[in-house]
Amino acid sequence: MNKGRATANTMPLQGAIFNLQFEISYKLQDIEYQTDRLIAYRKQLVEQMTEKTRELQRDNFAVRQHLKYVDLYSDEKNYQGLTFEDTLIVREELAPLILPDVDDVSAVRFDALMYGIELAYLAGKKYTRARGDLLKKVSEIASVANIIEIQAQADLINKILHTDYVETADINEFEVIREKLRGLMKYLPDSVRVIYDTDLTDEVLSMEWNEAELENDELKNYKERAEYYIREHQDKLVIAKLKTNKPLTSTDISALEEILWKEIGTKQDYETEIGNKPLGEFVREIVGLDMNAAKEAFSAYLSDTNLDNRQIYFVNQIVEYIVHNGMLKDFSVLQEAPFTDYGTVSDIFEDMNVWMGISKVIESVNANAVA
């Protein structure tokens, strides 16, 4: 179960790779990895990620919803001192937007496989299945070694297949494998060219940490622990109700207090880092609102044949905003693009009674996150 997280099935392959590169960059900050070679490798990853982020079209609707993070991670200096919270933000907000490369797809899939192995190494995990996939691919490449490009890598291929090279390799050696063999993946025989789809439900790529890891050093503060828990437990009844716009009961509020004030930390922890924000509002802002639930809330206006194209466009922008942010409390955002693409609220809604009805739906959606 992916529990609502971005996976290879909901995120383009290049986005999954971007996410892996970011995770690797986060891990490589540790003092253990401050060698000339790894410092240079991390710098290379950061350059690639900022370049991919800058490629995003700022006038694209999906990108506009995430401009805060697009701007943040377009600047190399913001990759210094990455936090665990940054990894959560990138996985949710930025990685799904990344555009595909023009490279042969077999090479890109191999990149994903190797970056996964590198991340597993940094996390102290074996990532057994991926190593098995690597050996299988290299073995199949070796079976068509009459190709000159493959012959050029014969020493590395034999080392992988006939020694303990992979078992004893470190991140530098895994990166050598990725760089030297990625271009050979197009020669895999068609009969064995199984699509490697970076299945994020497997071991490290899934980030399926057990509950005890909520206490580890990567989750240093209360807010990070809370956000991690909420993202990973979207199937819990009270969290699911918040995501699907169901009103909360007093029992639901008690369940949130149990989670946020007892399981993850204390009420004082919450108030120190989050303030006096209602618990449901805090959770809704993290999980967002289910698209179907948002469309249902605004269905009277989305299906109203009396509304013109500008008005329907405006309502759709509200739906998209609430799906992403969970709520729309600050109405001043309606004075900015994309809401103003066809004019201001008063320009678009000459009959203010229609606008008042829409604003009441917004307030209702907000209220369902409080009690």
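User: Hi! Which helices do the buried residues of H13 pack against?

Analyst: Hello! The buried residues of H13 pack against helix H5 (84-94), H14, H15, helix H16 (267-273) and helix H17 (279-287). Buried means under 20% relative accessible area, exposed over 50% and partly exposed in between, with a 1.4 Å probe and protein chains only. Contact means heavy atoms within 4.5 Å, and helices are DSSP runs of H or I with at least four residues, strands runs of E with at least two, numbered from the N terminus. This is a predicted model, where local features need pLDDT of at least 70 and side-chain atom pairs count only at pLDDT 80 or more, while totals for chains, interfaces and linings use all residues. Residues are numbered from 1 along each chain as its sequence is written, and side-chain values use heavy atoms, with hydrogens and water left out.

User: Nice. How many residues of H13 are buried?

Analyst: Ten of the eleven residues in H13 (residues 222-232) are buried. Among them are Tyr222, Tyr228, Tyr229 and Ile230, along with charged-type names such as Glu224 and Arg225.

User: What does Asn221 do at the start of H13?

Analyst: A side-chain oxygen of Asn221 comes to within 3.2 Å of the backbone nitrogen of Lys223.

User: And H17, how many of its residues are buried?

Analyst: Eight of the nine residues in H17 are buried, including Leu279, Phe282, Val283 and Ile286. The buried residues of H17 pack against H13, H14, H15, H16, H20 and helix H22 (352-367). Just after H17, Gly288 has a positive phi of about 75°.

User: Switching to backbone oddities: what is the phi of Asn245?

Analyst: Phi of Asn245 is near 65°, a positive value in a residue other than glycine. Most residues other than glycine have a negative phi, and most peptide bonds are trans. Asn245 sits in the loop between helix H14 (237-243) and helix H15 (250-263).

User: Is Asn245 buried or exposed?

Analyst: Asn245 counts as buried because its relative accessibility is 13%.

User: Where is the cis peptide bond?

Analyst: The cis bond runs from Ala337 to Pro338, with omega near 5°. Pro338 is in the loop between helix H20 (309-325) and helix H21 (345-348).

User: Last one, how many helices and strands are in the chain?

Analyst: The chain has 22 helices and zero strands. Buried residues make up 47% of its 371 residues. Of the contacts with a separation of 6 or more, 72% are between residues 24 or more positions apart.

Definitions and conventions
Polar contact = N/O pair within 3.5 Å; in protein donor to acceptor, adjacent residues only side chain to side chain.
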